[in-house]
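Work through the following exercises with the sequence and the model side by side. Each task is followed by a solution that proceeds step by step.

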Amino acid sequence: MVRDEPRTAPPHELVLKSWNDSGCHTHLLGCSVTRQALLIDPKAGKQAVYEKALADYRLTLAGVVDTHTHADHLSDSAAWIARGVRCFMGQATGCQRAVARLRDGDSIEVGRLRFRVLEVPGHTQDSIALAGHGVVVTGDTLMVGGLARADFRGSDPAQLFDGVRKKLLSLPDATVVLPGHGYQDILFTTIGHERAHNPALQHTSGRAYADALKAVAGAGNSPDVDATLALNLVADPALPDAPVAVAACCSVGGASIAGHTVREQSCQELAPRLAEIAARGDWIDVRDPWELSSDGRLPGVANFPLSELGFALETLRAHPPEVVSCKSGARSAIAVKTLVYLGVLRDPISMAGGFGKWKASGLPIA
Ligand SMILES: [Fe+2]
């Protein structure tokens, strides 16, 4: 079968871009009609990255959401507030910034998009998730293969488990889960996959989960965690010049593709087979769409942007690609790990060095 679609697109007018920066995820959700966008959990020190994405996607930032008070990285919300961008947090937050406070059942609208607010406390008391248009942004509640940590001061593992079960697992199986962290290079998951495979969710109740976890409240509040929390709570933080790295991770358990090694081949090894593999529709490029326009593309290769792969799972499952490529080989490896974790692909090849190496080697481009 030859893929006749030049690229896939998420449903319902949604533009999606996700980043993983040292295990912290940030998500950009945009309306493809009005070009307005919502930025979720931006990190301090990364404004240039977000600005470039807004320009690349021709989006205007309409709002910023912090899903909770972060313990492991500095929020960028104060900088966006200073620039006149509306910022949102859950109603239970102790943050002193001028944030609009969202309650359970509220909606947040961006152009023609509308996301429902779900309060899911337990990691922190101000944790929220946003659901709509086939995705749920879970922040630090439901993670890939685990739940958020629940040993910080104010955490409650039983409350977290019960909230995830009641409010998130009630969403349709195909819902794409966009978590606040990923420490194993798995960018997203689905509600159906986590319901069936997440070890934390196999417990019978919140109390049983809490008993198994034996979490000690406050044990996770190391000095650097407390320092980060303090900076994220004040109205006008004096932020350091460089992003602060806090050793604390924010999930318990967490998925991996243990036992599976990502298979890599060089562009020189793959080049003689490009025409044959592309003709079968068995080679996908996971770069962002504008990169293909500006940098060039591999002849005959379909574009499935990494951030949007969650909307193409059934297509990819029905016709699994043999080769995945990107610009440098980093995003194709993330795509492979994510799709292997979800059971969509078994053992695809990630092209080492990506399109950059291909182009520099003088191999043919379109
Ligand atoms: Fe967190």
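## Exercise 1: Residues with positive phi

With 12 C-beta neighbours inside 10 Å, Ser22 counts as exposed, where exposed stands for 12 or fewer other C-beta atoms within 10 Å, buried for 20 or more and partly exposed for values in between, with C-beta atoms placed from the backbone. The model is predicted, and local features need pLDDT of at least 70, side-chain atom pairs count only at pLDDT 80 or more, and totals for chains, interfaces and linings use all residues. Residues are numbered from 1 along each chain as its sequence is written.

Task: state where Ser22 and Arg58 lie and what the sign of phi is at each.

Solution. Begin with the general expectation that most residues other than glycine have a negative phi. Ser22, although not a glycine, has a positive phi of about 55 degrees, and it lies in the loop between β1 and β2 (24-31); helices here are DSSP runs of H or I with at least four residues, strands are runs of E with at least two, and both are numbered from the N terminus. Arg58, also not a glycine, has a positive phi of about 55 degrees, and its place is in the loop between α1 (47-56) and β4 (60-65). Arg58 is exposed, because 12 other C-beta atoms lie within 10 Å.

## Exercise 2: The surroundings of Asn20

Task: find which residues Asn20 contacts beyond its neighbours within four places in sequence.

Solution. First locate Asn20 in strand β1, where 18 C-beta neighbours inside 10 Å make it partly exposed. Leaving aside neighbours within four places in sequence, Asn20 is in contact with His25, Gly182 and Leu187, contact being defined by C-beta atoms, placed from the backbone, that lie within 7 Å. Asn20 and Leu187 are 167 residues apart along the chain, yet their C-alpha atoms are separated by 7.3 Å.

## Exercise 3: Helix α5 and its cover

Task: determine which residues of α5 are buried and how they are arranged around the helix axis.

Solution. In helix α5 (residues 206-213), the buried residues are Gly206, Tyr209, Ala210 and Leu213. Seen down the axis of α5, these buried residues fall within an arc of 95 degrees, so they line one face of the helix; the arc is that of the directions from the helix axis to the C-beta atoms. This agrees with a general rule: an α-helix has 3.6 residues a turn, so residues three or four places apart point the same way. The cover over the buried residues of α5 includes α3 (157-168) and β15 (251-253). After α5 comes Lys214, whose phi is positive, near 50 degrees.

## Exercise 4: A three-stranded sheet

Task: work out the strand order of the sheet that contains β15, and which strands are at the edges.

Solution. The order is β11-β12-β15 in an open sheet of three strands with antiparallel pairing, where two strands pair if DSSP finds at least two bridges between them. The edge strands are β11 (142-143) and β15, each of which pairs on one side only. Strand β12 (residues 146-148) pairs with β15 over three bridges, and Ala148 stands opposite Ser251 in β15. Finally, α3 lies across β11 and β12 and runs at about 110 degrees to β12, an angle taken on a scale from 0 to 180 degrees between N-to-C directions of axes fitted to C-alpha atoms, for helices over the stretch in contact.

How values were computed. Two residues are in contact if their C-beta atoms, placed from the backbone, lie within 7 Å.
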